[in-house]
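Trainee: I've got a chain open on my screen and I'd love to talk it through with you. Can we go over it piece by piece?

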Amino acid sequence: MRTSAVGDVTILLPDLDPADLDPTTDLNDDLSEALVEDASWRSAVLEDVRVRGSRIIGTDLSESAWEAGSLFGSEIVRTDFSGASLSGVSVERCAVTGSRFTGSRLTDVRLKDVLFEGCRFDYAAFSQVAAAGAVGFVDCILTDATWSSCRLPNVVLRSCRLDRLELESCQLAGADLRGNSLHDLKTTLSNLRGVTLSEDQLADLTSLTVEEFGLTVRGA
């Protein structure tokens, strides 16, 4: 079993042996122990597709639509989900590295033991995304993204770009936001209830407070 520590949480990750994977570029109903490299699945329609114990590398899934189904014990590397729509998908024990989700839409997606590392989520829309276990975003870009009605109590963000990330009606109690600039975050304070911050983020929190309450700060 492979694990990765991000902050104070430990994320369970897949431990795949390339020798056990069968190469394919065909998009079947289900993928199990498959190795997919440089496939072109742009605008694919996936309904209740299950991917298990597989590695997907350099594949084009932009503008695709994936409804229901699951992604379990798999690695996603340098794959393009730009403009894709994922709805009702369960993602568990997965490592997603260097992949692009620009302008993607994730709705009612369930995450458990998932690590996103070096991924782009700029202009992505998360709606009703929920974490049932540890979830980490490391060195990710979330600029101009929106998180709406998300329940992510165990999420950890490290060294991420959060410029103009908009939070609306989110439950993040227990989330660890240390190591990120909150200066341009677009949120009310209620979305940050119960999160963990570091001392050097208190100035950003003060700015959010002043803005939300319309305070006027003047010299003595």
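Trainee: In which sense do E5 and E8 pair, parallel or antiparallel?
Mentor: Keep in mind that this is a predicted model. E5 and E8 are joined over three bridges. One of the contacts is between Val36 and its bridge partner in E8, Ile56. The sense of the E5 and E8 pairing is parallel.

Trainee: And which strand does E3 run parallel to, with two bridges joining them?
Mentor: Start from Asp22, whose bridge partner is Ala34. Ala34 sits in E5. E3 covers residues 22-23, and two bridges join it to a parallel strand made of residues 34-37, which is E5.

Trainee: Let's go on to charges. How many salt bridges does a search of the whole structure find?
Mentor: One of them pairs Asp144 with Arg164, with the closest N and O atoms 2.7 Å apart. A salt bridge needs a side-chain nitrogen of Lys or Arg within 4 Å of a carboxyl oxygen of Asp or Glu, and the search of the whole structure finds eight.

Trainee: How far apart in sequence are the parts that Glu75 and Arg2 tie together?
Mentor: The two side chains form a salt bridge, with the closest N and O atoms 3.4 Å apart. Glu75 is in strand E11 (residues 75-77) and Arg2 is in strand E1 (residues 2-6), so the parts this pair ties together are separated in sequence by 73 residues.

Trainee: Is Glu75 buried or exposed?
Mentor: Buried means under 20% relative accessible area. Arg2, at 33% relative accessibility, counts as partly exposed. Glu75 has a relative accessibility of 12%, so it counts as buried.

Trainee: Which residue does Glu75 meet in a salt bridge at 2.8 Å, N to O?
Mentor: Look for a partner in strand E8 (residues 55-57), 20 residues away from Glu75 in E11, so that you see a link between distant parts of the chain. This partner is buried, and so is Glu75. The side chain that meets Glu75 at 2.8 Å belongs to Arg55.

Trainee: Back to Asp144 and Arg164: how many residues apart in sequence are the parts they tie together?
Mentor: Asp144 is in the loop between strand E18 (135-138) and strand E19 (146-148), while Arg164 is in the loop between strand E20 (155-158) and strand E21 (166-168). Asp144 is partly exposed at 21% relative accessibility, and Arg164 is partly exposed too, with 39%. The pair ties together parts whose separation in sequence is 20 residues.

Trainee: Which residues are joined into one network by salt bridges that share partners?
Mentor: You're looking for bridges that have partners in common. Follow those shared partners and you get one network of Asp8, Arg158, Asp176 and Arg178.

Trainee: How about cysteines? How many disulfides does a search of the whole structure find?
Mentor: A disulfide is a covalent bond between the sulfur atoms of two cysteines. The sulfur atoms have to be within 2.5 Å to count. For Cys160, the nearest cysteine sulfur is that of Cys140, 4.8 Å away, and Cys160 is in no disulfide. The search of the whole structure gives a count of zero.

Trainee: Which cysteine has the sulfur nearest to Cys170?
Mentor: Cys170 is buried, with a relative accessible area of 7%, and Cys160 is buried as well, with 6%. Cys170 is in no disulfide, and the nearest cysteine sulfur, 4.6 Å away, is that of Cys150.

Trainee: Is Val217 buried or exposed?
Mentor: Val217 lies in the segment after helix H1 (202-213). Together with Phe213 and Leu215, Val217 forms a nonpolar surface patch with about 340 Å² of accessible area. At 66% relative accessibility, Val217 counts as exposed.

Trainee: What about Val96, buried or exposed?
Mentor: Val96 has its place in strand E13 (residues 90-97). Its C-alpha atom is separated by 14 Å from that of Ser82, 14 residues apart along the chain. With a relative accessibility of 4%, Val96 counts as buried.

Trainee: Last one: what is the radius of gyration of the chain?
Mentor: The chain has one helix and 21 strands. For 220 residues the globule rule gives 17 Å, and the chain comes close to that, so it is as compact as a globular protein of that length: its radius of gyration is 18 Å.

Definitions and conventions
Residues numbered from 1 in each chain as written. Predicted model: local features only at pLDDT ≥ 70, side-chain atom pairs only at ≥ 80, totals over all residues. Heavy atoms only, no water. Patch = residues over 30% accessible without salt bridge, like charges linked within 9 Å, V, L, I, M, F, W, Y side chains within 5 Å. Areas by Shrake-Rupley, 256 points an atom, 1.4 Å probe, with all protein chains shown as cover. Helix = DSSP H or I, 4+ residues; strand = E, 2+ residues; numbered from the N terminus. Buried < 20%, exposed > 50% of the residue type's maximum accessible area, 1.4 Å probe, protein only. Pairing = 2+ DSSP bridges. Rg over C-alpha atoms; globule rule 2.2 N^0.38 Å.
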